[in-house]
Amino acid sequence: MAVRRTKKNRAPTRAEKAKAAASKKKDLRAFVSEAEGILESLLEDLSVLQDQGSLDSPFDPDLVNRIFRSAHSLKGLAGMFEMEAMGRLAHHLEDILDGFRLGRVNADSPVIKLLDGGVALLVSILSHVEAGEGETDEDIVATNGFIQQIEEAVAASIPPPSDDLDAFDIDPTVLRALTEYEEHRLHENIRKGREIALVDSNFDMASFEDGLSDLSAAVREVGEVISTLPSQGAAPESQIRFSLLVAMDINVERLGERLEQPDTEIRLIRAAQSGKSDSSESVAGDSLGLSEEVIKQSGKTAEPRQFESLRSIGDTIRVDVRKLDELMNLVGELVIQRNAIGDIVGKLSSDPATARTGAGLGKIHFALKRKLKELQAGVLDVRMVPMRQIFERLSRVVRRLRRDLGKDVELEFSGSETELDKLIVENLVDPLVHLVRNSFDHAIETPAQRVAAGKPTAGKICIRAMQRGNHVVIEVEDDGRGMDTEAILATAREQGLIVDSEDLSRRDLLNLVFEPGFSTRDEVSSTSGRGVGMDVVRSNLSSMGGSVELSSTAGRGTTVTMRLPITLAIMQALIVSVGDERYAIPIASVLETLVVEPGDIGRSEGQELLNLRGEPLLVKRLAEELEVESASRDNRQFAVVVGVGERRLCLLVDRLLGQQDAVIKPIKGPLQDIPGIAGAAELGDQNAILVIDVSAITAEVSRRQDAA
Amino acid sequence: MSESNTLDSHSNVTAPTPDWLGMARSASAALNVSAADDCGELLRELLVIGLAGNPYAIAVERVREIVRVRPLTRIPRSPDWLLGVVALRGEVVEVVDLCSRLGIEAGEDNRSRRIIVLHGDGNRVTGVMVDSVSDVYRVNEDDILPSDGFDLSAVVEMCRRGNQFISILDLDRVLGFVDD
């Protein structure tokens, strides 16, 4: 006893304190990430709910339930981490939502309008917690004020009239088993005039969960499962019987045809009311429980249908993205080691004395390569997130802009299921917000100007994402005033970005806005219709191995097209040599490679051109572009045809050394930006190899081209 | 001796000529990290290196690691003082030729050459190639003298060791982490 007490009372050692602090910090991170997840889905669901409300369509009960559960989990989570204000706020939101889903609160009640604000307040408190400030005093004051608002709104709202279920002739044993929520749903469905039925079915004990979820899914296609109850009816040995109280838009016969579960009985409880009357009085007593049609479907042995599994919702876990980064790094290092083994295999195999060992190791290397590829694909797949995540954030930005600027702009998304690496998605948010903000601020005219130009008053910004091979293409299109090329030209001259004699194509002229230093002045942004910082957009994209282009029609609008690799983590690279050095060219930008004899290259107006299946292609020597020594220009060389967006270019190199997986690393040191080089990669032999920035080189070449 | 006192005494050293003001910042940054020893005297720890046969010194706390010379990958279209990049455990770091950056004649390429990996601001790192690395020299702060560095603007201080004078390099100036 005494020993135990001393142990308990002993002051914690420094190490213990540090450990406690570290675990607290880690816990806090877990809390923030979990809470962020919940709030994100809450925001998303609430915006859907608002859309439903504005469309005057009935609310999806599953959606309302999901929102309720989110608020509930957030309350629990906040309680666990002693976030007092967040907990109280979540509790009040949960109360409102509970009332809403039980029909005690009307959808048009002022209380529902408070939900948005409540979630916004939670988000702001969470940001303070994340910043390590905890719940600030202001947070608590704001929370108290908000809760008071809720209470006032609750007091002011009138509860909707409730009906008496006894008016409907439903089996009292069933009725007694219903929860308050289920009762409310029954009310709702009766009020809507839907057909109510009881579906009894036997399931094998061993697999009843699957059978039940299949059956529920089948019902959900045509209606709603109000309640799932263990049935009183006797079930055969090793089977279990369930009754589903269902409401649907089709009649029972049709439901019977749809269900493929054997041993299923469907009893009609209340036939559909064609008038879909809103008043429960007029339909009461009509044909309730009068007909007890029984449709037997025993012994039918159809293949179980493929329904979307309901259980998958509970099978997801949230993972800290840093853990994934660590895994990805490990995989990257394994790939490098594997490349090193490949080198050894090559050396062993080329020497007759060790060729047999080489072949043996080669086999293992091959198997390792295949498994590593699977591992890589698996880890990459885990990192993939849908564009929807960005789109949701953009909607919020636009909602705020709409409020702040008083412009009416519609945001339209497509391709929200297009998947991208989480890292890229994170890095893409800022450029996209920037572009949307630009369109909003500068490109979209005022309503009066729009009407004068014969456009609808509301502006439109479309954001489209689509996958194209190993790339994702994202377009941001607005129907604003377009860009003034004259103003761009004037600014570019004024800022010394181009010399007067340069005659640029329209496309290159537009793309001048991506030049660093362009349009850093306010008056430029107002004339060009573009804000500051487009160079930042481009450098953001380049750092991810992507590119950006712009097209615009005066008076009609502007489209910015971005191309990004699906993942950054591992890149397939073509290794080439020029002189003594090796370089890596991202495979994603390589269209093809071919052998070129000196005679294959033609000349026209001082340009070297290659005839590629009838199409003249500009030829550039990588050695000259990089200003390094080439082996020889008279010998046979290799051509690497690269393409960025619309532009294509043929790069001549001395030799092709093969294709390898590479991990691009930024180059650290005093030289901040190395033109033409995107970074460096480490290959199996521990040497750094420079990665060619194809988009920078093509842009440079094309600019020189136009200037010439 | 308290920290603020040492800072004051330091600014007494640097205040008289206006030319010193720009350098005071980096010098005082080096002061902040140097620790007082048990006797209460302020010591500065310097890594002594050799460049073209002459001793130079850099602040020890800026040194991340010292590695043997390994194959360098040249960077096209880069200035002469940039020797290239090396891969260091998953990091790719530029290596600067310290002699060429300082504008002194390069020493002979011999086996004592090393790459010193230095910390810059934040997580910036850079490598510098030196002809040799000798040792860490602990010198009393009072024994550090201002220097006009002959014609080397990157040398702002020096110290005496026996009958030798060691030039202390201001790394921010050398490497251009602080804009010229």
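## Strand pairing in chain A

Two strands count as paired if DSSP finds at least two bridges between them. With that in mind, welcome to this predicted model, where a good place to start is strand β16 (residues 601-604) of chain A. Its partner is strand β17 (residues 607-612) of chain A, and the two pair in the antiparallel sense over four bridges. Within this pairing, A:Arg603 stands opposite A:Glu608 in β17(A). A hairpin is formed by β16(A) and β17(A), with two residues between them, and A:Glu605 in the turn has a positive phi of about 50°.

Follow the chain onward and β17(A) is joined by four bridges to strand β18 (residues 615-621) of chain A, again running antiparallel. Here A:Leu612 has A:Glu615 in β18(A) as its bridge partner. These strands, β17(A) and β18(A), also form a hairpin with two residues between them, and A:Arg613 in the turn has a positive phi of about 45°.

## A look at chain B

Chain B holds four helices and eleven strands. Of its 180 residues, 32% count as buried. Among contacts in chain B between residues at least 6 apart in sequence, 52% join residues at least 24 apart.

## Where the chains meet

Turning to the interface, 23 residues of chain B are in contact with 20 residues of chain A. On the chain B side, β4 (82-88), β5 (91-97) and β7 (125-130) each supply at least two residues. The most comes from β5(B), with five residues. By class, this side has 13 nonpolar, five polar and five charged residues.

Strand pairing also crosses between the chains: strand β23 (residues 667-668) of chain A and β5(B) pair in the parallel sense over two bridges. There, A:Lys668 stands opposite B:Val93 in β5(B).

Conventions: Residues numbered from 1 in each chain as written. Chains lettered and ligands numbered in written order. Predicted model: local features only at pLDDT ≥ 70, side-chain atom pairs only at ≥ 80, totals over all residues. Contact = placed C-beta atoms within 7 Å. Nonpolar A, V, L, I, M, F, W, Y, C, P; charged D, E, K, R; others polar. Buried ≥ 20, exposed ≤ 12 C-beta atoms within 10 Å, placed from the backbone.
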